[in-house]
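Hi,

Here is the structure I said I would pass on. Have a look at it first, and my notes follow below.

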Amino acid sequence: MKRWLSVVLSMSLVFSAFFWVSDTQKVTVEAAGNLNKVNFTSDIVYQIVVDRFVDGNTSNNPSGSLFSSGCTNLRKYCGGDWQGIINKINDGYLTEMGVTAIWISQPVENVFAVMNDADGSTSYHGYWARDFKKTNPFFGTLSDFQRLVDAAHAKGIKVIIDFAPNHTSPASETNPSYMENGRLYDNGTLIGGYTNDTNSYFHHNGGTTFSNLEDGIYRNLFDLADFNHQNQFIDKYLKDAIKLWLDMGIDGIRMDAVKHMPFGWQKSFMDEVYDYRPVFTFGEWFLSENEVDSNNHFFANESGMSLLDFRFGQKLRQVLRNNSDDWYGFNQMIQDTASAYDEVIDQVTFIDNHDMDRFMADEGDPRKVDIALAVLLTSRGVPNIYYGTEQYMTGNGDPNNRKMMTSFNKNTRAYQVIQKLSSLRRSNPALSYGDTEQRWINSDVYIYERQFGKDVVLVAVNRSLSKSYSITGLFTALPSGTYTDQLGALLDGNTIQVGSNGAVNAFNLGPGEVGVWTYSAAESVPIIGHIGPMMGQVGHKLTIDGEGFGTNVGTVKFGNTVASVVSWSNNQITVTVPNIPAGKYNITVQTSGGQVSAAYDNFEVLTNDQVSVRFVVNNANTNWGENIYLVGNVHELGNWNTSKAIGPLFNQVIYSYPTWYVDVSVPEGKTIEFKFIKKDGSGNVIWESGSNHVYTTPTSTTGTVNVNWQY
């Protein structure tokens with residue numbers, strides 16, 4: 001990170017939420033609780049595949065070929081529903097484990113058809129939507145969903161919904177009877193399907209080969225009917241749909257398949273969310289083992305949402321599950337991602353999920369699961385635990401990694417590890433916001449420290465289940481004294497002794513041992529730990545979390561401009577974005593006593609409400625190594641700065657070379673000027689000739705501007 005990090009014990013917030021109780025009646029509810037909807041860094045997220053958790057209401061189970069009694073066919077519905085989750089919230093299973101947020105399957109109505117394959121696959125997973133404005137009836141009604149949100153909030157648990165606006169369902173260009181053929185409904189009214197798509201709701205460019213970014217965005221993901229997000233109806237429909245779920249009080253959104261949707265449309269979508277009711281949002285951009293993708297980093301830094309941290313998850317699996325890497329590789333990943341992601345603490349970390357083999361292999365040692373959980377819960381980022389990991393569930397490949405929940409035993413060692421570290425994560429600011437420093441390392445042993453101000457957490461891990469190591473020459477930021485293991489020796493942790501110079505007395509780190517030692521003290525100077533959201537408009541509210549702000553109102557500045565303070569406490573401030581030009585800003589906090597924090601950088605102020613516009617340029621011939629970029633007179637187009645130009649543009653799918661195109665989030669209802677440029681690998685720039693192109697962007701909808709390159 002580029003600045004000090006810290007934690008906040010959130011103020012109690014009260015918010016108004018609207019939800020639909022019928023097709024016509026809208027009512028208002030009040031929900032109160034210690035729920036910070038834009039900061040999840042001290043939370044423990046628990047991912048639930050709804051159909052595979054608990055069958056709390058057998059009356060809403062599907063019948064016939066959709067259902068598998070006893071869940072013997074894992075490609076069928078097995079009966080899990082929202083009532084089942086409510087039951088496990090109310091009986092204490094989740095709260096006693098320390099879960100403070102749940103991520104649930106996409107709640108929208110899915111197809112009722114059965115796939116014509118050997119297993120008769122169904123939409124139990126929630127990713128084959130047919131109507132984004134109705135619920136999946138096999139999970140429950142809108143009233144049931146509201147009861148789930150209310151039950152979670154009553155126990156201090158946030159609710160994150162999966163949302164998959166990339167596609168509807170499996171479809172065929174030539175076979176209209178293929179499942180439901182991608183048909184889309186608007187609150188029960190049929191809008192259209194994939195075949196005879198005269199309104200261009202979908203792309204019809206074949207399936208992606210995953211060969212490049214453009215191919216993945218504008219072609220179908222497998223056989224799924226791929227939305228044309230530049231279609232004005234689709235744009236409005238999806239943005240209206242997410243507002244329905246926001247109105248029901250959800251606290252977060254997990255966006256499916258963000259790698260496969262236009263960046264510009266997604267940024268306009270996030271602006272819509274932040275303008276309407278801000279919640280923490282993170283997307284899925286899959287990365288394989290050892291894969292590093294600059295587009296992934298750009299998306300996380302510029303889209304307005306965070307990402308599932310596949311670099312973290314894959315590397316920790318290599319170290320502790322697959323034995324294909326060691327702690328040197330993991331530590332290098334920690335350093336590299338701290339540099340690559342502007343907000344590395346907002347990336348969602350994990351050790352397994354519904355799209356990969358379970359961490360616990362059939363022949364594996366459960367101790368490795370415990371170790372992995374300990375590292376996950378003491379590392380930077382927002383930790384996410386896949387349902388059943390605490391019960392050592394196994395299963396390789398889809399759908400074997402999505403079995404019915406096997407047990408709710410609160411006495412497993414994994415359950416207790418989560419329990420203890422969840423409590424520590426909420427109480428010690430270093431775990432939410434601290435940078436990570438390697439203190440001692442070899443192939444088997446990793447000792448790292450998280451620190452924020454006076455708050456310190458030191459973690460020692462031995463992945464070897466057969467070899468002990470004598471730890472000498474270890475230094476720490478912990479003050480002198482004796483420290484006991486915060487896991488209570490669950491993983492055989494020692495008591496350590498720290499001298500006045502930070503030297504730790506030699507100790508033995510046994511096979512499979514994990515020790516966690518902590519120190520926490522109040523901060524007397526202001527330190528910003530988190531700001532959310534990190535993108536907004538003039539007048540938007542944002543939350544600043546940290547320590548040492550004092551109880552008397554001080555000053556918050558965006559650059560040199562003072563912001564209006566809405567609320568102020570020692571560890572949380574709410575302000576509105578001041579009237580400043582669009583751009584990136586550093587934010588500082590000054591106490592009433594005159595002490596100034598370090599700057600928290602890269603908050604993005606947008607020009608105004610955003611819309612997605614497709615910019616197209618024809619006859620733009622290039623030499624080998626050159627690409628076309630877009631630059632213009634507004635912040636969203638780089639303010640004529642060629643180093644901030646949009647691109648490189650695409651030229652293969654929607655249009656073909658020498659025509660180039662890109663979908664960009666730009667300010668609505670504004671007359672803008674722009675030009676296209678050529679750039680080579682060395683950064684040399686060639687501008688097109690002639691006057692600037694001029695275009696007035698649309699209001700509340702998408703647009704397209706098509707021009708010729710000016711020679």
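To start with one corner of it: how many bridges join β15 to strand β16, and do the two run parallel or antiparallel? Three bridges join them, and the strands run parallel. Before you read on, bear in mind that this is a predicted model.

Within that pairing, Thr349 of β15 is the residue that stands opposite Pro383 in β16. Helix α10, made of residues 366-378, lies across both strands, and runs at about 150° to β16.

Both strands belong to an open sheet of eight, with parallel pairing. If you want to trace it on screen, the order is β14-β13-β12-β7-β4-β3-β16-β15. The edges are β14 (306-307) and β15 (348-350); each has a single partner strand, so one side of each is left without a neighbour in the sheet.

There is also an open sheet of four strands, this one with antiparallel pairing, in the order β17-β18-β19-β24. Here β17 (435-441) and β24 (514-519) stand at the edges, and because each has a single partner strand, one side of each has no neighbour in the sheet. From one strand to the next, the twist averages 15°. In the middle of that order, β18 (residues 445-452) and β19 (residues 455-462) run antiparallel and are joined by eight bridges. One spot to look for there is Ile447, which stands opposite Ala460 in β19.

Now the cores. In soluble globular proteins, nonpolar side chains tend to be buried together. The largest nonpolar core in this model has 150 residues, and Tyr46, Ile102, Ile544 and Phe558 are the ones with the most contacts inside it. Phe558 makes a good place to zoom in: leaving aside neighbours within four places in sequence, Phe558 is in contact with residues including Leu542, Val575, Pro578, Tyr585 and Phe603. Apart from the 150-residue core lies another, of 21 residues, with Phe615, Ile628, Tyr695 and Val707 among them.

You'll probably like the aromatics, as the structure holds 46 aromatic pairs. Take Trp82 and Phe145, which are edge-to-face, at 5.1 Å centre to centre with 70° between the planes. Trp82 lies in helix α1 (residues 82-90) and Phe145 in helix α3 (residues 142-154), so this pair ties together parts that are 63 residues apart in sequence. Both Trp82 and Phe145 are buried.

Another edge-to-face pair is Phe132 with Tyr237, at 6.0 Å centre to centre and 90° between the planes. Phe132 is in strand β6 (residues 129-135) and Tyr237 in helix α5 (residues 232-247), so that pair links distant parts of the chain, 105 residues apart. Are these two rings' residues buried or exposed? Phe132 is buried, with a relative accessible area of 0%, and Tyr237 is buried too, with a value of 2%. Phe132 and Tyr237 also belong to one aromatic cluster, whose members include Phe163, Tyr194, Phe227 and Trp265.

Last, two lysines to click on. The charged end of Lys678 sits over the ring of Trp709, 4.9 Å from the ring centre. Right next door in the numbering, Lys679 has its charged end over the ring of Tyr629, 4.7 Å from the centre.

Cheers

Key
Residues are numbered from 1 along each chain as its sequence is written. This is a predicted model: local features need pLDDT of at least 70, side-chain atom pairs count only at pLDDT 80 or more; totals for chains, interfaces and linings use all residues. Side-chain values use heavy atoms; hydrogens and water are left out. Two strands pair if DSSP finds at least two bridges between them. Axes are lines fitted to C-alpha atoms, for helices over the stretch in contact, and angles run from 0 to 180 degrees between N-to-C directions. A nonpolar core is a set of buried Ala, Val, Leu, Ile, Met, Phe, Trp, Tyr and Cys residues joined through side-chain atoms within 4.5 Å. Buried means under 20% relative accessible area, exposed over 50%, partly exposed in between (1.4 Å probe, protein chains only). Contact means heavy atoms within 4.5 Å. Rings of Phe, Tyr and Trp (its six-membered ring) pair if their centres lie within 6.5 Å; planes under 30 degrees apart count as stacked, over 60 as edge-to-face and the rest as tilted. A charge sits over a ring if NZ of Lys or CZ of Arg is within 6 Å of the ring centre and within 35 degrees of the ring normal.
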